[in-house]
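I sat down with this model today and kept short notes as I went. Here they are, in the order I looked things up.

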Amino acid sequence: MSGRDPFRQPRRIRRGAALTLLFTSVLVAGAATGALPQADRKSPPDEAGSAASAGHHAAVTRAAEEALADGKSPMEAAKRAVSRSGDRWGAVYSEGEYEEFEDALDGQYTGVGLWARSERNGRIAVTKVRAGSPAAAAGIRPGDLLRSVDGRPADGRPVTEVVSLLRGDAIDAPAGTTVRLGLERGTRAWTETLRRTQLSTDSVTVRQVTGPVTVIRVATFTKGSGDQIRKALRQAPPGGVVLDLRGNSGGLVTEAVTAASAFLDGGLVATYGVDGEQRVLHAEPGGDTTRPLVVLVDGGTMSAAELLTGALQDRGRALVVGSRTFGKGSVQMPSRLPDGSVAELTVGHYRTPSGRGVDGRGITPDLEADEGALQRAESVLRGLATPS
């Protein structure tokens with residue numbers, strides 16, 4: 001992929017690891033891991049050693065080093081160390097997995113067209129199915145449980161490991177290879193064999209609805225999403241806008257900040273802490289602050305999408321409609337382990353402009369709506385856009 005995101009800077013920060021947000025819901029066979037401004041996820045992270053997170057990373061790195069010295073798997077030792085740490089969002093990736101997850105954020109991935117997340121009971125649930133994908137052709141639906149991948153149980157595994165199995169990372173599986181899924185829906189249990197294919201994320205879609213309303217739907221914040229939202233806003237006819245973030249699992253935080261800049265005239269978007277040190281994210285000036293705006297959310301709205309929602313709500317720029325968001329607002333930092341694998345460990349949390357914490361709490365809409373939420377949002381906008 002040519003070109004560079006102007007918000008993304010090289011990973012070498014005082015020889016420390018780059019900051020990221022790790023999102024619980026991932027594009028199955030294409031992760032939705034997102035990066036804060038310091039990160040360039042196209043480059044491998046530096047070795048562990050950041051002063052900001054040395055203590056947290058040291059135990060995992062030490063476990064990996066000891067395993068290597070004993071002729072054992074550093075990656076497996078690191079996974080056990082992360083599990084013992086109680087870090088809910090911590091994860092360990094192979095070098096190949098990490099690079100492929102980054103590729104997904106560039107808008108392309110090899111997979112079967114599923115989005116999924118780990119439920120609190122450890123089960124893996126399908127949250128979204130891409131239209132026209134192998135998963136859609138097989139009749140898989142949101143809400144189905146993914147019980148196994150090629151015979152390996154999915155229950156209790158970190159969702160990142162399930163992603164790896166679906167992608168076939170261990171064998172570097174290309175498009176055209178097959179994967180067998182064990183699925184459950186209510187009392188029905190069955191298996192499906194799907195063929196992996198090359199997919200694009202198509203993260204931003206735009207449509208007009210009856211009346212002066214433009215709906216901008218953002219599935220994930222991949223590279224270029226923020227500029228796509230800006231362009232859609234500039235080209236929209238006069239009237240209100242629904243920013244539909246339902247089921248948005250997150251993505252690149254830099255793109256969420258660019259999206260915020262489309263609707264704000266500068267100012268604070270979020271703060272985030274790294275081991276007690278507070279840092280800030282600001283919108284660029286010059287956004288459209290005049291159009292009526294409704295942000296549509298649900299329980300699948302996560303992380304970078306929650307960061308954007310909280311900023312627009314706190315700044316009084318948008319009315320938020322829907323149901324409470326997921327509640328993922330922690331900051332992870334990746335570091336390279338001795339065998340080239342990558343550990344991402346929690347080092348802090350972000351807050352909305354008013355100082356609200358999101359992690360474990362989510363964002364409460366201004367107007368609760370479940371069934372017919374989009375219609376409710378459109379009705380609200382028509383009222384706001386109609387001259388009195």
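Before the sheets, I wrote down my rule for pairing: two strands pair if DSSP finds at least two bridges between them. Helices (H or I, at least four residues) and strands (E, at least two) are DSSP runs, numbered from the N terminus.

**Ground rules.** I am working with a predicted model, where local features need pLDDT of at least 70 and side-chain atom pairs count only at pLDDT 80 or more, while totals for chains, interfaces and linings use all residues. Residues are numbered from 1 along each chain as its sequence is written, and side-chain values use heavy atoms, with hydrogens and water left out.

**Open sheet.** I traced an open sheet of 6 strands in the order 13-14-15-18-19-22, and its pairing is mixed. Strand 13 (204-209) and strand 22 (367-368) are the edges, each pairing on one side only. Helix 8 (residues 304-314) packs on this sheet and touches strand 15, strand 18 (293-297) and strand 19 (319-322). I noted that the direction of helix 8 makes about 145° with that of strand 18; such angles run from 0 to 180 degrees between N-to-C directions, and axes are lines fitted to C-alpha atoms, for helices over the stretch in contact.

Inside the sheet, I found strand 14 (residues 213-218) and strand 15 (residues 240-244) paired in the parallel sense over 5 bridges. Val213 stands opposite Gly240 in strand 15.

**Helix pair.** How do helix 6 and helix 7 cross? I found that the axes of helix 6 (residues 225-235) and helix 7 (residues 253-263) come within 7 Å and cross at roughly 20°. The two helices are therefore roughly parallel to each other (angles under 35 degrees count as roughly parallel, over 145 as roughly antiparallel, 65 to 115 as roughly perpendicular and the rest as oblique). Among the residues making the contact (heavy atoms within 4.5 Å) are Ile229 and Leu233 of helix 6 and Ala259 and Phe263 of helix 7.

**Strand 8.** Next I went to strand 8 (residues 145-149), where 4 of the 5 residues are buried. Buried means under 20% relative accessible area, exposed over 50%, and partly exposed in between (1.4 Å probe, protein chains only).

Which strands pair with strand 8? Strand 7 (residues 124-129) pairs with it in the antiparallel sense over 2 bridges, and strand 10 (residues 178-185) does so over 4 bridges, also antiparallel. Strand 9 (residues 152-153) runs antiparallel to strand 8 and is joined to it by 2 bridges. I followed Leu145 both ways: it is the bridge partner of Ala125, and its own partner in strand 10 is Glu184. Towards strand 9, Ser148 has Pro153 as bridge partner. The hairpin of strand 8 and strand 9 has 2 residues between the strands, and Asp150 takes a positive phi near 50° there.

**Pro142.** I then checked the loop between helix 4 (134-137) and strand 8, where Pro142 lies. Is Pro142 buried or exposed? Pro142 counts as exposed because its relative accessibility is 51%. Leaving aside neighbours within four places in sequence, Pro142 is in contact with Val126, Thr127, Lys128 and Val129. The C-alpha atoms of Pro142 and Val129 are separated by 6.5 Å, with their positions 13 residues apart along the chain counted as the separation.

**Whole protein.** Last, I took the totals: 9 helices and 22 strands, with buried residues making up 57% of the 388 residues.
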